[in-house]
Amino acid sequence: ILEIAKDLDLQPEEGRIALQEWKDGVASGEITEVFACGTAAVITPVGELRWEGGSVPSTAGEGGGEVTKRIRERLLDIQYGRAEDTRGWMTRLA
């Protein structure tokens, strides 16, 4: 995901973020999109973070925002062979 983001001229950062920092970032508009990623999840927009006693919505909503959609589309294009796999991530099994 970090490599795909760079390909899309984004400047990804990897690291931990405290819950309060996330809440403040969403409230201020600094954080506009949140997604989860993984082998099974691909790219899944996070619409809302909930905890006992509260919640904070993602301003991009449950469908995700433009960046989330661009990264997801690029990853799926590589996985389905619609875009060239320039990094050798894919392995043909059959």
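**Close-up views of a predicted model**

**View 1. Lining of the largest pocket.** Helix H2 supplies the largest share of the lining of the largest pocket, namely three residues. The model shown here and in the views that follow is predicted. The pocket itself has a volume of about 1200 Å³. A total of 25 residues line this pocket, and those closest to its centre are Pro12, Glu13, Ile31, Glu33 and Phe35. Besides H2, which spans residues 19–28, three other elements each supply at least two lining residues: helix H1 (2–7), strand S1 (35–38) and helix H3 (66–79). When the lining is sorted by class, 15 residues are nonpolar, four are polar and six are charged.

**View 2. Surroundings of Thr68 in helix H3.** Thr68 belongs to helix H3. Is this residue buried or exposed? The relative accessibility of Thr68 is 2%, and the residue therefore counts as buried, since the cut-off for burial is under 20%. Apart from neighbours within four places in sequence, the residues in contact with Thr68 are Glu33, Phe35, Ile43 and Pro45. Two of these contacts, Glu33 and Phe35, are also among the residues closest to the centre of the largest pocket.

**View 3. Pro45 in strand S2.** Pro45, one of the contacts of Thr68, is located in strand S2. With a relative accessible area of 24%, Pro45 is classed as partly exposed. Pro45 and Glu66 stand 21 residues apart along the chain, and their C-alpha atoms are separated by 11 Å.

**View 4. The hairpin of strands S3 and S4.** Strand S3 covers residues 48–51 and strand S4 covers residues 54–57; the two run antiparallel and are joined by four bridges. Which residue of S4 is the bridge partner of Leu49? The partner is Val56. Two residues lie between the strands of this hairpin, and Gly53 takes a positive phi near 100°.

**View 5. The largest nonpolar core.** In soluble globular proteins, nonpolar side chains tend to be buried together. The largest nonpolar core of this model has nine residues: Ile4, Ala5, Leu8, Val42, Ile43, Ile71, Leu75, Leu76 and Ile78. Helix H1, strand S2 (42–45) and helix H3 each provide at least two residues of this core. Helix H3 provides the largest share, with four residues. Ile4 illustrates how parts of the chain meet here: leaving out residues up to four places away in sequence, Ile4 touches Ile71, Arg74, Leu75, Ile78 and Trp89. Another core member, Ile43, is in contact with Thr68, the residue shown in the second view.

**View 6. Asp77 in helix H3.** Asp77 is a residue of helix H3. Because its relative accessibility is 17%, Asp77 counts as buried. Which residues are in contact with Asp77, leaving aside its neighbours within four places in sequence? These residues are Arg82 and Ala83.

**View 7. Ala94 in the segment after helix H3.** Ala94 is placed in the segment that comes after H3. Its relative accessibility is 91%, so Ala94 counts as exposed; the cut-off for this class is over 50%. Between the C-alpha atoms of Ala94 and Arg70 there is a separation of 29 Å, and the two residues are 24 residues apart along the chain. Ala94 thus offers a contrast with Thr68: Ala94 is exposed, whereas Thr68 is buried.

Technical notes:
Residues numbered from 1 in each chain as written. Predicted model: local features only at pLDDT ≥ 70, side-chain atom pairs only at ≥ 80, totals over all residues. Heavy atoms only, no water. 1 Å grid on protein atoms, 1.4 Å probe; cavity = no way out; pocket = protein on both sides within 12 Å on 5 of 7 lines; lining within 4 Å. Points joined across faces, edges and corners; volume = space filled by probe spheres on them. Nonpolar A, V, L, I, M, F, W, Y, C, P; charged D, E, K, R; others polar. Buried < 20%, exposed > 50% of the residue type's maximum accessible area, 1.4 Å probe, protein only. Contact = heavy atoms within 4.5 Å. Pairing = 2+ DSSP bridges. Core = buried A, V, L, I, M, F, W, Y, C linked by side-chain atoms within 4.5 Å.
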